[in-house]
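Work through the exercises below with the sequence and the 3D view side by side. Try each task before you read its solution.

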Amino acid sequence: MMGPMPSLAMGLPRLLCVSALMALSVRVVEAIPMESAAGSHSMFTCEPITLRMCQGLPYNSTFMPNLLNHYDQQTAALAMEPFHPMVNLQCSSELRMFLCALYAPVCTEYGRMTLPCRLLCQKARGDCYKLMDMFGVTWPEEMDCNRFPDCDEAYPRPVDLLSSADSTESPISVQRDYGFWCPRELKIDPDLGYTFLGVRDCSPPCPNMYFQRDELVFARYFIGVLSIICLSATLFTFLTFLIDVSRFRYPERPIIFYAVCYMMVSLVFFLGFLLEDRVACNAESPGRFRAATVTQGSHNKACTLLFMVLYFFTMSGSVWWVILTITWFLAAVPKWGSEAIEKKALLFHACAWGIPGCLTVTLLAMNKIEGDGVSGVCFVGLYDRTALRWFLLAPLGLDVLVGVALLLAGILALNRVRMEIPLEKENQDKLVKFMIRIGVFSVLYLVPLLTVISCYLYENSYRSVWETTWVQERCREYHIPCPYQVQQTSRPNMSLFLIKYLMMLVVGIPSVFWVGSKKTCFEWAGFFQGRRRKDVVNESRQVLQEPDFAQLLLRDPNAPIVRKSRGTSTQGTSTHASSTHLAMLDEPPSGSTSRASSIRSKRSSFHGSLHRSRDGRYTAGSFRAVEERLPYGSMPRLSDHLSRHGSTQRLESQSRHSSIRDLSNVTQAIQSAPRNGIHRVQEEDATVA
């Protein structure tokens with residue numbers, strides 16, 4: 001009966017040690033509930049010792065965090081568990097005092113820590129080394145004896161006991177800044193690479209650390225409605241472009257790509273509204289005492305995809321606006337034509353898609369993705385101020401500076417043309433209207449963009465104050481050190497974030513004002529009615545608004561020809577006369593039959609137009625063939641139109657008396673010609689009527 005008792009007695013310490021090691025191995029994933037821990041918080045003043053192992057020492061008060069960076073006595077108790085068997089077996093008389101000197105140090109004046117002597121550490125380790133080796137317990141690295149001062153004094157020293165007695169009578173406040181300690185509820189697995197307030201393996205609470213639940217619900221619905229409005233406006237712009245692709249040419253073609261970018265931005269925000277915080281937040285784990293935290297990095301595929309689309313198209317939209325100002329500058333200052341600008345389209349696309357692509361890949365490589373608990377999407381610069389400065393403020397600010405400089409240069413050049421070069425009243429009005437449209441569109445883009453940049457600057461300036469205020473308000477709840485000597489406290493206002501999201505989405509809406517016109521209404525009406533133009537000749541005539549030559553001859557000479565512009569093209573229409581047309585009008589009469597056949601052949605070879613001036617004379621109108629005979633890459637410029645207009649006036653002055661006489665001769669010859677083509681046209685028109 002007495003035989004098994006010694007073996008049982010010898011196995012009991014081993015069993016206790018194994019259980020202690022198991023507790024130590026799982027202390028990383030175990031956690032004490034926040035409610036039970038918050039009550040013992042002491043604001044880092046002297047507090048009574050509650051550790052069972054350290055009861056009955058010469059001192060009865062300690063402070064936290066201790067010398068091993070345990071920020072409460074309960075955490076220190078978990079770390080001391082492996083040493084309980086050795087203390088109970090009394091392998092060394094100095095082990096208990098040495099452990100309590102580290103895990104529950106005597107409370108002295110703050111700013112002065114008392115360390116145990118190196119000799120005390122060496123004696124405790126030497127006496128218990130064999131027992132530790134038998135039980136498989138290793139001496140912790142943070143308890144290396146070489147880290148302690150070389151002295152031979154008992155712990156605690158008499159001076160420490162005097163300061164401890166004083167402090168117990170009047171608790172002193174904290175005299176040093178312990179920095180931010182990540183609460184166990186916000187701890188993240190080390191392999192994910194999370195960072196919060198400069199602490200690794202930590203993440204902000206989700207959905208948001210600054211706002212209440214009701215504020216977040218209102219903000220989410222607010223962003224959802226705005227995303228639907230912006231998505232509808234930009235989608236309308238893009239579909240209008242698809243109905244008539246030839247209508248929007250350079251220099252205004254970048255507006256279409258700009259609208260496409262913000263269409264994708266609004267789509268991502270709409271998806272964030274539908275997903276709520278399922279992508280932007282990591283789910284809480286009550287079994288592991290883990291709260292919901294903000295998603296960071298690229299391990300969440302859905303969050304990564306939302307970030308890539310949102311950031312890429314946000315940067316692309318700003319670059320396309322800069323390209324739009326570049327094309328306006330090229331059209332206004334060096335007088336580039338549409339085809340000359342279009343030859344640079346490949347370079348424009350390379351910059352507009354390549355630069356944002358490089359920035360997006362860089363952020364992915366740096367693992368700077370962060371979930372946004374307010375909007376439900378993933379973006380950059382929400383908690384990392386360095387990423388905010390270099391990947392949002394710097395690119396957007398550069399785009400604004402370059403775009404505004406080019407825009408002002410182009411507007412000044414157009415205004416100089418309007419003031420110095422005489423134009424017809426119709427062309428003057430068109431130029432003024434175009435300048436007004438450029439100005440209004442630019443204001444509608446720049447005001448929201450500058451507001452977004454201002455919000456980012458405000459966040460960058462006050463985010464550290466917001467974070468310090470949050471730590472001060474939640475340090476007792478999370479049982480972490482409170483900030484030391486807080487000089488300024490402030491909380492963000494939800495209206496600031498609502499304005500930021502409003503301007504991020506409204507910035508895409510101005511594109512619909514550029515395409516909004518009566519022509520757009522007619523195109524959509526024709527699209528829904530199924531009318532599609534297939535005749536290339538008729539379409540080209542409609543583009544240039546050139547009436548048929550025979551109809552000009554048969555129309556009433558007192559009825560003026562109304563010239564209408566088509567679309568929103570910024571190029572003027574030619575007002576010069578073709579040489580072939582003038583030659584036909586000035587051709588001397590040589591027979592009615594030959595004259596009529598000549599007219600029919602010339603009618604089939606070109607399309608011209610006549611314009612009735614104020615004094616009743618007819619001059620030649622615009623002619624498409626002349627523009628098509630220009631060298632490749634050149635387009636009619638504003639100066640060309642002005643020179644051609646001056647040429648037309650000189651031709652009119654030279655043929656002041658001969659034009660009307662030749663026109664009357666031509667008309668008589670047509671009427672005397674038997675059964676010519678124009679008579680047949682008249683008869684056919686009469687039959688149809």
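The exercises that follow cover a helix, a buried charge, some backbone oddities and the salt bridges.

This is a predicted model, so local features need pLDDT of at least 70 and side-chain atom pairs count only at pLDDT 80 or more, while totals for chains, interfaces and linings use all residues. Residues are numbered from 1 along each chain as its sequence is written, and side-chain values use heavy atoms, with hydrogens and water left out.

**Exercise 1. Helix α17**

Task: Compare the expected span of helix α17 with the distance between its end C-alpha atoms. Then sort its residues into buried and exposed.

Solution.
- Step 1. Helices (H or I, at least four residues) and strands (E, at least two) are DSSP runs, numbered from the N terminus.
- Step 2. The expected span of a helix is 1.5 Å times one less than its number of residues. Helix α17 covers residues 518-529, which is 12 residues, so the span should be 16 Å. The end C-alpha atoms of α17 are 16 Å apart, which agrees.
- Step 3. Buried means under 20% relative accessible area, exposed over 50%, and partly exposed in between (1.4 Å probe, protein chains only). K519, T520, E523, W524 and G526 of α17 are buried. They cover an arc of only 160 degrees around the axis, so they sit on the same side of α17. That arc is taken from the directions from the helix axis to the C-beta atoms.
- Step 4. The face of α17 turned away from the buried side carries exposed residues: K518, C521, F522, F528 and Q529.
- Step 5. G530 follows α17 and has a positive phi, near 85 degrees.

**Exercise 2. A buried charge**

Task: Find E252 and say what its side chain contacts.

Solution.
- Step 1. Look in the loop between α8 (213-243) and α9 (254-275); E252 is there.
- Step 2. A salt bridge is a side-chain nitrogen of Lys or Arg within 4 Å of a carboxyl oxygen of Asp or Glu. E252 is buried but has no salt bridge. The nearest side chain of opposite charge is R437, 5.6 Å away. Here Lys and Arg count as positive and Asp and Glu as negative; His and the chain ends are not counted.
- Step 3. The side chains of E252 and W514 share a polar contact of 2.9 Å. A polar contact is a pair of N or O atoms within 3.5 Å; within protein, one must be able to donate a hydrogen and the other to accept it, and residues adjacent in sequence count only if both atoms are side-chain atoms.

**Exercise 3. Backbone oddities**

Task: Locate two cis peptide bonds and two positive phi values outside glycine.

Solution.
- Step 1. Recall the background: most residues other than glycine have a negative phi, and most peptide bonds are trans.
- Step 2. Y155 and P156 are joined by a cis peptide bond, with omega about 0 degrees. P156 lies in the loop between α6 (118-135) and α7 (158-169).
- Step 3. The bond from C206 to P207 is also cis, with omega near 15 degrees. P207 lies in the loop between β4 (199-200) and α8.
- Step 4. Q90 has a positive phi near 55 degrees. Q90 sits between α4 (84-89) and α5 (95-103), in the loop. Q90 is exposed, at 67% relative accessible area.
- Step 5. L197 has a positive phi near 55 degrees. Its loop runs between β3 (195-196) and β4. L197 is partly exposed, at 28%.

**Exercise 4. Salt bridges**

Task: How many salt bridges does the structure hold? Describe three of them.

Solution.
- Step 1. The structure holds eight.
- Step 2. E153 pairs with R157 (3.8 Å, N to O). E153 is partly exposed at 43% relative accessible area, and R157 is partly exposed at 29%.
- Step 3. R463 pairs with E459 (2.7 Å, N to O). Both lie in helix α14 (residues 425-478), four residues apart, about one turn of the helix. R463 and E459 are both buried.
- Step 4. R491 pairs with E473 (2.8 Å, N to O). R491 is in the loop between α14 and α15 (494-506) and E473 is in helix α14, so the pair ties together parts 18 residues apart in sequence.
- Step 5. R491 is partly exposed at 40% relative accessibility, and E473 is partly exposed at 42%. Salt bridges that share partners join E459, R463 and K500 into one network.
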